Amino acid sequence: AYRALQAQLQSEPLRREELVGQSGAERAFHENLRGRFGLLKVVRGGDEDAQPLEVEFVAAQDGKDLRLSFDAAWSRLAEDALRRAYAEARDHPEPAWSEAVVAALREPRAAFALLDLRDGSVPVAVTLPTYPQEEWRQKYAQMVQQAGNPLRQRALGGSYRPGETPYPGSTYKPLLAAAALLKDPNLAQRRIDCQGTWKPARAGAQSVALHCDDHRSHGSVNMEEALMRSCNVYFYSLAEEIGYERMYALATALGFGKWSGFEVGINAEVLLPP
């Protein structure tokens, strides 16, 4: 019976009393953090061998330490900045804003991420809303079903819309701007008219138009205004003008297409290169 219990304990990956990381770094690095329980290992003997039972004690092993790059003070400042920005927008809404936009401002659903370009670390990856740990434990089942997905890690997986994923195209826009400026610095002041949709110059009549953010028209914008408003149409037009060769060369030089090395993904899983 002892040997059967020993085999069972050695085969079970988790004990009932063992804590398991559910999200973030605790889930991504669970195997590194968890350590191992101690146990008694049969060396020889027992009823089956009619010999004195000899056991070996295998000591418990502590898990490994994990050093994070997050800065608590900076993260608190980022959370405060997001809340103040929401309050300012909520108290002074633009007349043209729809009811849906105003309603979305009632509770902050946003994120703030800061990358240190010197070493690739991430000192700030704040997501809102946040909840005290006790409230999270008591109301987890309700929060999972709640509209707006309040438990979503928005610094890694989207903004205020429930099922939204990050915009890789918007991440690429500063690169397009840099490629254009390397070709001609005067392009910074070139104005392009955004009417909310765009088609390539050689597109046929049956081709599908690409839309700007929320299908809105930004009007005439230069490069600085297009970056500020994240205008899709401006950068579609700019990319068509400068050509893919310049974009590809600069993207490759800046590391696009390579493994990022950021271990905590949207689903809080360890991301390993193929």
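Which residues of the largest nonpolar core touch the most other members? In this predicted model, they are Cys 231, Tyr 234 and Phe 235, out of the 23 residues that make up that core. The legends below begin with an overview and then take up the core, its cysteines, the surface and the salt bridges.

**Overview. The predicted model has 11 helices and eight strands**. Of the 274 residues of the protein, 27% count as buried, and the protein exposes about 19300 Å², of which carbon and sulfur atoms supply 55%. Among the contacts with a separation of 6 or more, 54% are made by residues 24 or more positions apart.

**View 1. The largest nonpolar core has 23 residues, and Cys 231, Tyr 234 and Phe 235 touch the most other members**. Helices α8 (168–183), α9 (223–229), α10 (232–242) and α11 (244–253), together with strand β5 (192–194), each supply at least two residues of this core. The most is given by α10, with six residues. In soluble globular proteins, nonpolar side chains tend to be buried together. A second, separate core of nine residues is also present, and it includes Leu 82, Ala 89, Leu 105 and Val 126.

**View 2. Cys 231 is in contact with residues that include two other cysteines, Cys 194 and Cys 212**. Leaving aside its neighbours within four places in sequence, Cys 231 is also in contact with Lys 173, His 218, Val 221 and Ala 226. A search of the whole structure finds zero disulfides. For Cys 194, which is in no disulfide, the nearest cysteine sulfur is that of Cys 231, 3.6 Å away; a disulfide is counted here when the two sulfur atoms are within 2.5 Å, so this pair does not qualify. Cys 194 counts as buried because its relative accessibility is 0%. Cys 212 is likewise in no disulfide, and the nearest cysteine sulfur, again that of Cys 231, is 3.8 Å away. With a relative accessible area of 3%, Cys 212 is buried.

**View 3. Leu 210 lies in strand β7 (residues 210–211) and is in contact with Tyr 236**. Leaving aside its neighbours within four places in sequence, the other contacts of Leu 210 are with Gly 196, Thr 197 and Trp 198. Leu 210 and Tyr 236 are 26 residues apart in sequence, and their C-alpha atoms are 8.9 Å apart in space. Leu 210 counts as partly exposed because its relative accessibility is 37%.

**View 4. Leu 33, Leu 66, Leu 68 and Phe 70 form a nonpolar patch on the surface**. Together these residues have about 330 Å² of accessible area. One of them, Leu 68, lies in the loop between strand β2 (51–58) and helix α4 (72–91), and at 47% relative accessibility Leu 68 counts as partly exposed.

**View 5. Within helix α4, the side chains of Asp 80 and Arg 84 meet in a salt bridge**. The N to O distance is 2.9 Å, and the two residues are four residues apart, about one turn of the helix. Asp 80 counts as partly exposed, at 37% relative accessibility, whereas Arg 84 counts as exposed, at 52%. The count for the protein comes to eight salt bridges.

**View 6. Lys 139 forms a salt bridge with Glu 135 in helix α6 (residues 133–145)**. The closest N and O atoms of this pair are 4.0 Å apart. Because Lys 139 and Glu 135 are four residues apart in the helix, about one helical turn separates them. Lys 139 counts as partly exposed at 37% relative accessibility, and Glu 135 also counts as partly exposed, at 26%.

**View 7. Arg 190 forms a salt bridge with Glu 241, with the closest N and O atoms 2.8 Å apart**. Arg 190 lies in the loop between α8 and β5, while Glu 241 lies in helix α10, so the pair ties together parts that are 51 residues apart in sequence. At 36% relative accessibility, Arg 190 counts as partly exposed, and Glu 241, at 35%, counts as partly exposed too.

How values were computed. Residues are numbered from 1 along each chain as its sequence is written. This is a predicted model: local features need pLDDT of at least 70, side-chain atom pairs count only at pLDDT 80 or more; totals for chains, interfaces and linings use all residues. Side-chain values use heavy atoms; hydrogens and water are left out. Buried means under 20% relative accessible area, exposed over 50%, partly exposed in between (1.4 Å probe, protein chains only). Contact means heavy atoms within 4.5 Å. A nonpolar core is a set of buried Ala, Val, Leu, Ile, Met, Phe, Trp, Tyr and Cys residues joined through side-chain atoms within 4.5 Å. Patches are made of residues with over 30% relative accessible area and no salt bridge: like charges are joined within 9 Å, nonpolar side chains (Val, Leu, Ile, Met, Phe, Trp, Tyr) within 5 Å. Accessible areas come from the Shrake-Rupley method with a 1.4 Å probe; for residues, only the protein chains shown count as cover.
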